[in-house]
Amino acid sequence: MQNDKDSYPRFDYNEHAKTLAPDDFLGQVKRTVKGEPVAEEQIKMIVDAIQASLRLKPDDKLLELACGNGAVSRYFFDSCADYLGVDISEYLISVAKTNFERLPHYRFVTRGAAEYVRHESHPEHFSKDLCYAGFCFFPAADAIEVLHTLYDKFINVQTLFIGNLPDKDRAAEFYKTRKPGTEELSDHSTAIGTWRTREEFKQMAAGAGWKVEFSFMPKEYYAGHYRYDAQLSRY
Ligand SMILES: C[S@@+](CC[C@H](N)C(=O)[O-])C[C@H]1O[C@@H](n2cnc3c(N)ncnc32)[C@H](O)[C@@H]1O
């Protein structure tokens with residue numbers, strides 16, 4: 001679909017995933033380079049980065065926002081007591097349920113992130129929170145609401161890992177052949193989502209009460225040259 005005003009492409013994960021094989025877990029969440037799925041070592045780097053930040057313990061209750069098809073989530077099930085994965089894509093959640101759900105303690109639900117956090121009736125249940133390669137797709141108001149609600153209502157969440165954020169200061173490392181405008185870089189509905197500088201992200205998180213520490217993937221990581229990770233903790 002084209003944006004009339006600027007003619008840059010929009011992207012819909014739900015529709016995209018439906019065009020691929022039901023077991024093309026990497027393709028469905030666009031974990032590809034030039035259309036080819038990334039190597040298994042790349043997934044290991046992601047899992048290692050998440051584990052290094054969250055340091056999951058056997059009694060942890062993990063909430064994951066924008067969990068996609070659960071193909072990464074499954075690697076955390078043996079490290080925590082309880083897991084809930086939430087994603088706005090009905091199709092990706094159906095893939096997660098079919099392939100990775102382990103009831104009653106490792107569950108997936110279809111819901112937008114902001115709507116989910118707004119309505120969760122037992123927010124104090126969770127002790128850790130993860131949002132990998134998904135936060136940049138939240139509409140701006142939802143991103144702010146999620147950060148505020150996690151801080152205010154999910155009071156036992158001490159650590160929140162928001163990974164794979166597109167770095168506005170390094171957008172030129174990704175867009176080698178054209179220079180996207182400000183509107184495109186701020187648009188959550190493109191294939192990359194909203195680009196933010198680390199300073200912008202830090203300000204937004206601090207406004208909700210979170211202290212932020214940034215980290216970067218190993219240089220071998222396929223998207224490391226234009227992305228960063230953020231670990232949020234309470235002051
Ligand atoms: C690149 S995929 C990442 C999926 C998964 N976290 C992973 O790393 O494999 C981005 C995901 O964000 C989800 N998403 C986009 N907007 C969302 C929203 N407002 N609330 C919840 N999930 C959303 C998409 O449906 C998609 O599954």
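Helix 6 and helix 9 lie oblique to each other in this predicted model, because their axes cross at roughly 40 degrees and angles from 35 to 65 degrees fall outside the parallel and perpendicular ranges. The axes of helix 6 (residues 140–153) and helix 9 (residues 198–208) come within 8 Å. Beside this helix pair, the model contains an open sheet of 7 strands.

**Helix 6 and helix 9**
- The crossing of the two helices, helix 6 and helix 9, is right-handed.
- Helix 6 contributes Ala-143, Ile-144, Leu-147, His-148 and Tyr-151 to the contact, while helix 9 contributes Met-204, Ala-205 and Ala-208.
- Sorted by class, the contact of helix 6 with helix 9 comprises 7 nonpolar residues and 1 polar residue, with no charged residues.

**The sheet**
- The strand order is 5-4-3-6-7-9-8, and the pairing is mixed.
- Strand 5 (106–110) and strand 8 (210–215) each have a single partner strand and stand at the edges, so one side of each has no neighbour in the sheet.
- From one strand to the next, the twist averages 20 degrees.

**Strand 4 and strand 5**
- Strand 4 (residues 82–87) and strand 5 run parallel and are joined by 5 bridges.
- Asp-87 has Thr-110 of strand 5 as its bridge partner.

**Helix 3 on the sheet**
- Helix 3 (residues 40–54) packs on the sheet, where it touches strand 6 (128–132), strand 7 (159–166) and strand 9 (227–234).
- The direction of helix 3 makes about 145 degrees with that of strand 7.

Methods:
Residues are numbered from 1 along each chain as its sequence is written. This is a predicted model: local features need pLDDT of at least 70, side-chain atom pairs count only at pLDDT 80 or more; totals for chains, interfaces and linings use all residues. Axes are lines fitted to C-alpha atoms, for helices over the stretch in contact, and angles run from 0 to 180 degrees between N-to-C directions. Helices (H or I, at least four residues) and strands (E, at least two) are DSSP runs, numbered from the N terminus. Angles under 35 degrees count as roughly parallel, over 145 as roughly antiparallel, 65 to 115 as roughly perpendicular and the rest as oblique. A crossing is left-handed if the near helix is turned anticlockwise from the far one by less than a right angle, and right-handed if clockwise. Two residues are in contact if their C-beta atoms, placed from the backbone, lie within 7 Å. Ala, Val, Leu, Ile, Met, Phe, Trp, Tyr, Cys and Pro count as nonpolar, Asp, Glu, Lys and Arg as charged, and the others, Gly among them, as polar. Two strands pair if DSSP finds at least two bridges between them.
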